[in-house]
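Opened the notebook for a quick pass through this one. I want to see how the helices sit, what the rings do and what the cysteines are up to.

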Amino acid sequence: MKYSICITTFKDRIDLLKKLIKSLRDFTDSDIFIAVNGQANEKFCNDYRREILTLCSNYQSVYPIFFLEQRGIAKMWNTLIVHSGTENNL
């Protein structure tokens, strides 16, 4: 069965995200889409952006989607599903 993996995250979970991506790549080669949420009342951190882009470029088929401002979880999930391109999403 073809499926995509959809993950929501924010700045304070970068270490957990790194472990999750590594562990997923040990298990599957499915596309991984990451919705990266902005922080409330803060400008998006460029160091954090670089860290996410470096993480994604170190693995095959990992695609980030950046929200520069804080967004609700429903908007993030909907965006991930729209971008995934598969009928089945985890």
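Started with H2 in this predicted model. I looked up its buried residues and got Tyr48, Ile52, Leu55 and Cys56. They span an arc of only 95° around the axis, so they sit on the same side of H2. That fits the textbook picture: an α-helix has 3.6 residues a turn, so residues three or four places apart point the same way. Flipping to the other side of H2, I found Asp47 and Ser57 exposed.

What do the buried residues of H2 pack against? I get S1, helix H1 (14-27), S2 and S3. I also checked the length of H2: residues 46-57, 12 residues, reaching 16 Å from first C-alpha to last, close to the 16 Å expected.

Next entry, H3. This helix runs over residues 73-84 and has 12 residues, with a reach of 16 Å between its end C-alphas, close to the 16 Å expected. Its buried residues are Met76, Thr79, Leu80 and Ser84. Their arc around the axis is only 130°, so I put them on the same side of H3. Their cover includes three strands: S1 (5-9), S2 (32-36) and S3 (62-66). After H3 comes glycine 85, and I noted its positive phi, near 75°.

Then the rings. How many aromatic pairs are there? The count is three. One I wrote down is phenylalanine 44 with tyrosine 48, a tilted pair at 5.8 Å centre to centre and 35° between the planes. Both partners are tucked away: phenylalanine 44 is buried at 13% relative accessibility, and tyrosine 48 is buried at 5%. Ring pairs also bring in Phe66, making a cluster of Phe44, Tyr48 and Phe66. So Tyr48 turns up twice in my notes, in this cluster and among the buried residues of H2.

Last, the cysteines. I count zero disulfides. Why does cysteine 6 have no bond? Its sulfur is 13 Å from the closest cysteine sulfur, the one in cysteine 56, and that is too far for a bond; the cut-off is 2.5 Å. Cysteine 6 is buried, at 6% relative accessibility. For cysteine 45 the closest cysteine sulfur is again in cysteine 56, at 16 Å, also too far for a bond. Cysteine 45 is partly exposed, with a relative accessible area of 26%. Cysteine 56 I had met already, as one of the buried residues of H2.

Technical notes
Residues numbered from 1 in each chain as written. Predicted model: local features only at pLDDT ≥ 70, side-chain atom pairs only at ≥ 80, totals over all residues. Heavy atoms only, no water. Buried < 20%, exposed > 50% of the residue type's maximum accessible area, 1.4 Å probe, protein only. Phe/Tyr/Trp six-rings, centres within 6.5 Å; stacked < 30°, edge-to-face > 60°. Helix = DSSP H or I, 4+ residues; strand = E, 2+ residues; numbered from the N terminus. Expected span 1.5 Å × (residues − 1). Arc of directions from axis to C-beta. Contact = heavy atoms within 4.5 Å.
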